Amino acid sequence: MESAERAQDRVPRVDPYGFERPEDFDYAAYEEFASAYLVVLTRRAIKWSKLLKGRGRVQRSSTVKRYIRKGIPLEHRARIWMGVSGAQAQMDQNPGYYQRLLQGEHDDRLEEAIRTDMNRTFPDNVKFRKSADPCLQKTLYNVLLAYGRHNQGVGYCQGMNFVAGYLILVTQSEEEAFWLLDALVGRILPDYYSPAMLGLKTDQEVLGELVRTKLPAVAALMDGHGVLWPLVVSRWFICLFVDILPVETVLRIWDCLFNEGSKIIFRVALTLIKQHQAFILEGTSVVDICERFKAITRGSFVTECHTFMQKIFSEPGSLSMATISRLRASCRARLLAQG
């Protein structure tokens with residue numbers, strides 16, 4: 001007990017991103033992980049500094065991919081994300097565009113939809129509170145408003161507030177957060193946030209098909225109880241694991257998402273399910289199964305982000321973009337046929 005209290009004294013109550021640690025936070029286990037992870041981060045930071053020295057824009061390469069999978073130090077994260085996602089190129093080609101969007105025509109429906117979600121975004125983050133100085137709610141509002149005007153086919157959709165919020169915390173730049181949101185919504189994620197959300201629905205079905213192939217016992221359990229995949233994983237997809245997994249783990253996932261694309265989401269989902277397969281299979285009802293899917297997103301397995309990221313590239317086995325594209329085509333056709 002004493003060591004847990006001592007750890008609580010050493011580990012701050014608010015994490016580096018402004019999130020308050022929950023009441024039941026395991027300070028002792030976290031300190032043990034953090035001290036080991038700090039060694040990894042220090043080693044990575046030295047390697048990244050050497051790689052980036054004298055470079056302008058960072059572009060994709062096999063070396064950059066290998067480095068990204070092992071983790072990007074926070075001080076380089078915004079620059080790497082901007083480079084590998086194509087956001088930096090878009091921003092450079094469109095000077096002044098973001099400011100022009102902010103000065104665009106009023107759209108009461110869009111503005112009201114965004115405003116409604118402001119207080120619901122990260123109530124546990126001190127930087128998003130009205131009392132904070134500066135309060136990031138205004139920054140978040142601007143990014144979402146500009147994006148809604150930029151991509152009128154999407155406008156604003158719930159879930160985008162969490163994604164944009166994380167982008168703001170990492171980049172500390174309104175304009176960079178906007179261009180990274182554009183990279184995600186416009187290019188990396190296929191049609192997740194459009195009004196029909198066809199891409200999101202399709203990818204949930206794709207995960208179901210992948211589980212059927214790779215983890216048939218879990219698929220049989222879900223079928224047997226009539227549990228539809230959207231019931232247990234829709235927030236994983238729509239929030240890109242924000243508010244589902246620990247912050248540092250989400251950022252490590254996003255490192256790879258910006259560089260390698262949307263198949264990373266399937267790797268994470270399959271790893272979570274495979275790692276906890278025995279626990280999930282003990283589910284006895286729809287409610288019980290749903291609770292188990294919530295439980296597998298907590299605990300040391302997901303907190304220890306470095307080992308977790310190694311697992312997502314080994315546990316699910318081969319997962320080619322060709323396979324995902326094929327499954328997307330068939331699932332999409334099935335959904336459209338159902339109307």
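**Exercise 1. The second largest pocket**

Which helix gives the most to the lining of the second largest pocket? Work it out on this predicted model, then describe the pocket.

*Solution.*
Step 1. Start with the space. The second largest pocket holds about 340 Å³.
Step 2. Find the lining. It has 17 residues, and those nearest the centre are Glu205, Val227, Leu228, Trp229 and Pro230.
Step 3. Sort the lining by element. Helices H11 (198–214), H12, H13 and H20 (321–338) each give two or more residues to this pocket.
Step 4. Pick the top contributor. H11 gives the most, with seven residues.
Step 5. Sort by residue type. The lining of the second largest pocket has seven nonpolar, four polar and six charged residues.

**Exercise 2. Valine 227**

Locate valine 227 in the chain, decide whether it is buried or exposed, and list its contacts.

*Solution.*
Step 1. Place the residue. Valine 227 sits in the loop that runs between helix H12 (216–225) and helix H13 (229–238).
Step 2. Check its accessibility. Valine 227 has a relative accessibility of 4%. The cut-off for buried is under 20%, so valine 227 counts as buried.
Step 3. List the neighbours. Leaving out residues up to four places away in sequence, valine 227 touches Met222, Val232, Val286 and Ile289.
Step 4. Look along the chain. Serine 285 is 58 residues from valine 227, yet their C-alpha atoms are separated by 9.0 Å.
Step 5. Link back to Exercise 1. Val227 is among the residues nearest the centre of the second largest pocket.

**Exercise 3. Helix H4**

Compare the reach of helix H4 with its expected span, then say how much of the helix is covered.

*Solution.*
Step 1. Count residues. H4 covers residues 74–85, which is twelve residues.
Step 2. Compare lengths. From first C-alpha to last, H4 reaches 17 Å, close to the 16 Å expected at 1.5 Å a residue.
Step 3. Count the buried residues. Nine of the twelve are buried, and H4 is mostly covered.
Step 4. Name some of them. The buried residues of H4 include His76, Arg77, Ile80, Trp81 and Val84.
Step 5. Find what covers them. The buried residues of H4 pack against H2 (27–52), H3 (62–69), H5 (87–93), H9 (160–171), H10 (174–188) and H14 (247–260).
Step 6. Look past the end. Glycine 86 comes just after H4 and takes a positive phi of about 90°.

**Exercise 4. Three salt bridges**

How many salt bridges does the structure hold? Then describe three of them, with their distances and surroundings.

*Solution.*
Step 1. Take the total. The structure holds 17 salt bridges.
Step 2. Study glutamate 248 and arginine 77. Their closest N and O atoms are 3.4 Å apart. This pair links distant parts of the chain: glutamate 248 is in helix H14, arginine 77 is in helix H4, and their positions lie 171 residues apart. Glutamate 248 is partly exposed at 22% relative accessible area, whereas arginine 77 counts as buried at 1%.
Step 3. Study glutamate 112 and arginine 115. The closest N and O atoms of this salt bridge are 3.9 Å apart. Both residues are in helix H7 (residues 108–118); because they are three residues apart, about one helical turn separates them. An α-helix has 3.6 residues a turn, so residues three or four places apart point the same way. Glutamate 112 is partly exposed, at 44%. Arginine 115 also counts as partly exposed, at 44%.
Step 4. Study arginine 292 and glutamate 282. This salt bridge has its closest N and O atoms 3.5 Å apart. Arginine 292 lies in helix H17 (residues 286–295), and glutamate 282 lies ten residues away in the loop between helix H16 (277–281) and H17. Arginine 292 counts as buried, at 14% relative accessibility.
Step 5. Look for a network. Salt bridges with shared partners join Arg13, Glu20 and Arg129.

**Exercise 5. The largest pocket**

Which element gives the most to the lining of the largest pocket, and how do the lining residues divide by type?

*Solution.*
Step 1. Note the space. The largest pocket has about 1600 Å³.
Step 2. Look at its centre. Of 50 lining residues, Phe25, Leu245, Pro246, Val247 and Thr303 are the closest to the centre of the largest pocket.
Step 3. List the elements. H2, H4, H13, H14, H17 and H18 (300–303) each give two or more residues to this lining.
Step 4. Name the top contributor. H2 gives the most, with nine residues.
Step 5. Divide by type. The lining of the largest pocket has 29 nonpolar, seven polar and 14 charged residues.

Conventions. Residues are numbered from 1 along each chain as its sequence is written. This is a predicted model: local features need pLDDT of at least 70, side-chain atom pairs count only at pLDDT 80 or more; totals for chains, interfaces and linings use all residues. Side-chain values use heavy atoms; hydrogens and water are left out. Helices (H or I, at least four residues) and strands (E, at least two) are DSSP runs, numbered from the N terminus. The expected span of a helix is 1.5 Å times one less than its number of residues. Buried means under 20% relative accessible area, exposed over 50%, partly exposed in between (1.4 Å probe, protein chains only). Contact means heavy atoms within 4.5 Å. A salt bridge is a side-chain nitrogen of Lys or Arg within 4 Å of a carboxyl oxygen of Asp or Glu. On a 1 Å grid over the protein atoms alone, a cavity is a set of points where a 1.4 Å probe fits but cannot get out, and a pocket is an open set with protein on both sides within 12 Å along at least five of seven lines; lining residues have an atom within 4 Å of a point. Grid points are joined across faces, edges and corners, and a volume is the space filled by probe spheres set on the points. Ala, Val, Leu, Ile, Met, Phe, Trp, Tyr, Cys and Pro count as nonpolar, Asp, Glu, Lys and Arg as charged, and the others, Gly among them, as polar.
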